[in-house]
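Biologist: Please take a single part of this model and go through it closely, together with whatever it connects to. I would like the cut-offs stated as you go.

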Amino acid sequence: MLSSVTMVSQTSMYLKELGLSKYEANAYACLLQRGTSTAQEVSDGADVPQPRVYDALDSLEQKGFVDVQPGRPKKYSPIEPDTAINRFCDFKERQHNQELSRMQRLGDHLIDAIEDQTTLEGRSEICWTYSDRYRILEKLSELTAATTSEIRMITTPYSFERILNHHVEQLADKADDGIPIQAIVSENGNVSPVVYERATDIMDIRRVENIEGRIYLYDNAHVLTAFAASDTDGYVGISTTSDSLYRTQSQLFDLLWTSGREASHRSAGTDSGTVRAGDDAV
């Protein structure tokens, strides 16, 4: 047979493993042994300092381990362990949910603070480099899907066709949403009439003289430039988010747009076979 001292010690050990403090565990173990008791009796029987015993018993009540009987003095009754454990689990769940709610509120405040700072100081991120045209097309698709205000592109006939072939449905959806799309396409090559006719349904297009490199602008902030690598047969794309860079590139776009001419279906060309060698980046 285990002695009462050993039983109290074991009970206290398990209670502390559950998450109770030393004084809480000793007080509840004492109550299980003695039954309903005053705070003074618990202090004496559980070796809990008198200044601490009331805090320990009040905490045990909140956590579901004791009931309080009003009176002078108040008395504390232990809850049956199986019921107490269920109540304690409910208490921990409420505590956990409250902590999650607190974290969510703090997270919302953090997001608001970051957005306010971003609005005031401008958006900027590290540049990302893409080393092949498929990765560049994926990034263009991502930017197209996310845009909410405008799309502007300066590009070559070949790249224009590739973008339409890959992203025409995305672009059409954005046009249906009322997002303006403008494309400046260089005249150093022809655009397939079929592609050109589809494009004119969803965007405004102007033609200008020869363009070196390609620039894609989204949402007053996002800029992607692309060009054929000179030392390999690969392609390079550089993507960044910068209000100031966007404004600079957008000014260039406006100048080209003003000097460009509106192209008819007839002037689009009958094929895309006149694109210069090495001009097949996106």
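Modeller: The answer below starts with the quality of the model and then turns to one strand and its surroundings.

This is a predicted model, in which local features need pLDDT of at least 70 and side-chain atom pairs count only at pLDDT 80 or more, while totals for chains, interfaces and linings use all residues. Residues are numbered from 1 along each chain as its sequence is written, and side-chain values use heavy atoms, with hydrogens and water left out. The protein chain has an average pLDDT (the predictor's confidence in each residue, from 0 to 100) of 82, and 82% of the residues score at least 70. Residues 269-279 fall below 50, and this stretch makes 22 contacts in the model beyond near neighbours in sequence; a contact means heavy atoms within 4.5 Å. Where pLDDT is low, the predicted coordinates should not be read in detail.

The part chosen is strand β6, residues 181-186. Helices (H or I, at least four residues) and strands (E, at least two) are DSSP runs, numbered from the N terminus. Of the 6 residues in β6, 6 are buried, where buried means under 20% relative accessible area, exposed over 50%, and partly exposed in between, with a 1.4 Å probe and protein chains only. In a regular strand the side chains alternate between the two faces of the sheet. On one side of β6 lie I181, A183 and V185, on the other Q182, I184 and S186, and both sets are buried.

Strand β6 has a parallel partner in β5 (residues 151-155), joined over 5 bridges; two strands pair if DSSP finds at least two bridges between them. Within this pairing, M153 stands opposite A183 of β6. Strand β7 (residues 204-208) also pairs with β6 in the parallel sense, again over 5 bridges. There the residue opposite A183 is I205 of β7. A183 therefore faces M153 and I205 across these pairings, and its side of β6 is buried.

The connections on either side of β6 can be followed along the chain. Strand β5, helix α7 (residues 157-176) and β6 form a right-handed β-α-β unit. From β6 the chain then crosses through helix α8 (residues 193-200) to β7, and this crossover is right-handed. A crossover is right-handed if, with the strands pointing away from the viewer, the path from the first strand over the helix to the second runs clockwise.

Salt bridges tie this region to later parts of the chain. A salt bridge is a side-chain nitrogen of Lys or Arg within 4 Å of a carboxyl oxygen of Asp or Glu, and the structure holds 7 of them. Side chains of opposite charge can pair when their charged atoms come close.

Just past β6, E187 forms a salt bridge with R261, with the closest N and O atoms 2.5 Å apart. E187 sits in the loop between β6 and α8 and R261 in strand β11 (residues 261-262), so this pair ties together parts 74 residues apart in sequence. E187 is partly exposed at 33% relative accessible area, and R261 is partly exposed at 37%.

Strand β11 also supplies E262, which forms a salt bridge with R206 of strand β7, the closest N and O atoms being 3.8 Å apart. These residues are 56 apart in the chain. R206 is buried at 18%, whereas E262 is exposed at 63%.

On the β5 side, R152 forms a salt bridge with D254, with a closest N to O distance of 2.5 Å. D254 belongs to helix α9 (residues 243-259) and R152 to strand β5, 102 residues apart. R152 is buried, at 8% relative accessibility, and D254 is partly exposed, at 36%.

To sum up, β6 is covered on both faces and pairs in the parallel sense with β5 and with β7. Salt bridges then link β5 to α9, the loop after β6 to β11, and β7 to β11.
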